[in-house]
Amino acid sequence: MSEHRTVLLRGGEVHSPADPFATAMVVERGHVAWVGSEGAADAFASGVDEVVDLEGALVTPAFTDAHVHTTATGLALTGLDLSGARTLAEALDLVRAHAAARPGDRVLLGGGWDAARWPERRPPSRAELDGATGGRPLYLPRVDVHSAVVTTALLDLVPGVRDLAGFRADAPLTAAAHHAVRAAAHEAIAPAQRTEAQRAALAHAASLGIGTVHECGGPEISDEADFTALLALAASDEPGPRVFGYWADLDVERARELGAVGAAGDLFVDGSLGSHTACLHAPYADAGESTGSAHLTAADVAAHVAACTEAGLQAGFHAIGDAALTAVVDGMRAAAEKVGPARVRAARHRVEHAEMLTPETVAAFAELGLTASVQPAFDAAWGGDEGMYAQRLGVERARTLNPYAALLRAGVPLAFGSDAPVTPLDPWGTVRAAAFHRTAEHRVSVRAAFTAHTRGGWRAVGRDDAGVLVPGAPADYAVWRTDELVVQAPDDRVARWSTDPRSGTPGLPDLTPGADLPVCLRTVVLGQTVYARPNE
């Protein structure tokens, strides 16, 4: 679809606050020109370049995934993905097969393993990996990407790694040792392999109705060449999702020079719960007296937020543990005292993950205008009384994690994402995970979750004019095959009123666990088709 063609879509369901009963939409010059009823659509039919019969399909705003590692996602799609391995033995078989299939790779790359799900309850040893790869370099990060197992051959490529913090003779590497082997592994990726991975990730996102991704890069995650190559690919004439880049660096000017919209994203205040590196006020339940790792102090946060605010750039941090979130809030308040609270709020600074929140830190998020960039699939994967979070923290602390309802009640803006490849790109699954949170008190309505995964992502980059199908908005939308539309909310009284036609609440697909999720038929960005389902 050309940007300058005028197109009428009709005969479906158009999800729009401009008209809750809309069945048609006109797109002109890459923007929504009109939404309305079937009868009114007749007036436009003769003056457009193309009429699309939706045949009952649903049209929604395209999703925004607010936290993605694009190259790593593409490498998982095109390479060694251990997320489906059911045992340690099965994982080693997959490593062995991958090594045999990629004889020319300088470094073998994979990921997605989670020993907590294996009956052996342990990661592969270095000796096992050396044997499975035939002695070749291999980098294999855990599913949360905060620790990794590697082969001896990869260690040998990194002089001095055995003396770095986080190195253990036969256990996953963390901290500086992990960062060093990750850098060596990434440096071995050929430019053509990197571009192939980026294209694969963006094409996969488009096939799921995702029109925009927020790339979270940084010197401890990827490298500058990877980041700038992705932004250049997204800005080229190739059809695909939009990419907003965040560069996690305390060097604010360097982030700006690289084309980032913020010196933010995975700027680590701490690590992850799965790797025992999230920073806690009280010790882990399964790691002795350990309280995790702190990478930035409140003073570091304050200096960075003040610098970003003065520079007109977003700041943001990766913070998961309660102690890390306290440091973020204390630092933000100190910055607000220096540059003024109104300027801090106006900058819409972000916090990624924000899992172990308390009522006090939730209130501080609202006070400081912080966006919570969160991943509901984390709860689906690791929540519940028998899940990994409960193993790490104990059941009572685990039940406090990811309090989406409390954030919404406090007025904190939410932006949903996947942290792919940590959890897969899966927008409707993400909305379902928030609406059917494993802890009932944290559930939100499907409508609120959908908004966080569409308009919320745009608001998180400072745009209030997108992520919704109203006249004047960018024509970023997806077309879906789905069953009957409903209104689902955690409170039965809300659900009963909202499903009454008099309420004028536009419906969305039934996301009850076990129900089929919608199938994407077409994804459009700025009026141009970036994905069309084959044979439809």
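# Exercises on strands, salt bridges and burial

β3 and β4 form a hairpin with 2 residues between them, and Arg 29 in the turn has a positive phi of about 50°. The model is predicted. Work through each task with the structure open.

## Exercise 1: the strands around β3

Task: Find the strands that pair with β3, give the direction of each pairing, and say how covered β3 is.

Solution.

Step 1. Locate β3. The strand spans residues 24-28.

Step 2. Take the hairpin partner. Strand β4 covers residues 31-36 and pairs with β3 in the antiparallel sense, over 5 bridges. Check one position: the bridge partner of Val 27 is Val 32 in β4.

Step 3. Look for another partner. Strand β1, residues 7-10, runs antiparallel to β3, and 3 bridges join the two. Here Leu 9 stands opposite Met 25.

Step 4. Judge the cover. β3 is mostly covered, with 4 of its 5 residues buried.

Result: β3 pairs with β1 and with β4, antiparallel in each case.

## Exercise 2: following β6

Task: Trace the pairings from β2 through β6 to β19, and state the direction of each.

Solution.

Step 1. Start at β2, residues 13-14. This strand pairs with β6, residues 58-61, in the parallel sense over 2 bridges. Val 14 stands opposite Val 59.

Step 2. Move on from β6. Its pairing with β19 is antiparallel and has 4 bridges. Thr 60 stands opposite Ala 478 in β19.

Step 3. Step off the end of β19. The strand spans 477-481, and the loop between β19 and β20 (485-486) holds Asp 483.

Result: β6 is parallel to β2 and antiparallel to β19.

## Exercise 3: a charged patch

Task: Name the residues of the negative surface patch that includes Asp 483, and classify Asp 483 as buried or exposed.

Solution.

Step 1. List the members. Asp 483, Glu 484, Asp 510 and Asp 516 form the patch.

Step 2. Classify Asp 483. Its relative accessible area is 61%. The cut-off for exposed is over 50%, so a residue above that value counts as exposed. Asp 483 is therefore exposed.

## Exercise 4: three salt bridges

Task: The structure holds 24 salt bridges. For Arg 10 with Asp 42, Arg 142 with Asp 114, and Asp 156 with Arg 162, give the N to O distance and the burial of each partner.

Solution.

Step 1. Take Arg 10 and Asp 42. Their closest N and O atoms are 2.6 Å apart. The pair links distant parts of the chain: Arg 10 is in strand β1 and Asp 42 in helix α1 (residues 38-45), 32 residues apart. Arg 10 is buried at 16% relative accessible area. Asp 42, at 49%, is partly exposed.

Step 2. Take Arg 142 and Asp 114. Their side chains meet at 3.2 Å, N to O. Arg 142 lies in the loop between β10 (138-141) and β11 (148-150), and Asp 114 in the loop between β9 (108-111) and α4 (126-133), so the salt bridge ties together parts 28 residues apart in sequence. Arg 142 is buried at 5% relative accessibility. Asp 114 is buried too, at 6%.

Step 3. Take Asp 156 and Arg 162. The N to O distance is 3.4 Å. Asp 156 is exposed at 52%. Arg 162 is partly exposed at 42%.

Step 4. Look for shared partners. Asp 114, Arg 117, Arg 142 and Asp 144 are joined into one network by salt bridges that share partners.

## Exercise 5: separation in sequence and in space

Task: For Ala 148 with His 179, and for Arg 142 with Glu 337, set the separation along the chain beside the C-alpha separation.

Solution.

Step 1. Place Ala 148. The residue is in strand β11 and is buried, at 0% relative accessibility.

Step 2. Read its pair. Ala 148 and His 179 are 31 residues apart along the chain, and their C-alpha atoms are separated by 9.5 Å.

Step 3. Read the other pair. Arg 142 and Glu 337 are 195 residues apart, with their C-alpha atoms separated by 39 Å.

## Exercise 6: a covered helix

Task: State how many residues of helix α18 are buried, and pick out examples.

Solution.

Step 1. Find the helix at residues 427-435.

Step 2. Count the buried residues: 9 of its 9. Among them are Pro 427, Trp 428, Arg 432 and Ala 435.

Note on methods: Residues numbered from 1 in each chain as written. Predicted model: local features only at pLDDT ≥ 70, side-chain atom pairs only at ≥ 80, totals over all residues. Heavy atoms only, no water. Patch = residues over 30% accessible without salt bridge, like charges linked within 9 Å, V, L, I, M, F, W, Y side chains within 5 Å. Areas by Shrake-Rupley, 256 points an atom, 1.4 Å probe, with all protein chains shown as cover. Salt bridge = Lys/Arg side-chain N within 4 Å of Asp/Glu carboxyl O. Lys, Arg positive; Asp, Glu negative; His and termini not counted. Charge placed at Lys NZ, Arg CZ, Asp CG, Glu CD. Buried < 20%, exposed > 50% of the residue type's maximum accessible area, 1.4 Å probe, protein only. Pairing = 2+ DSSP bridges.
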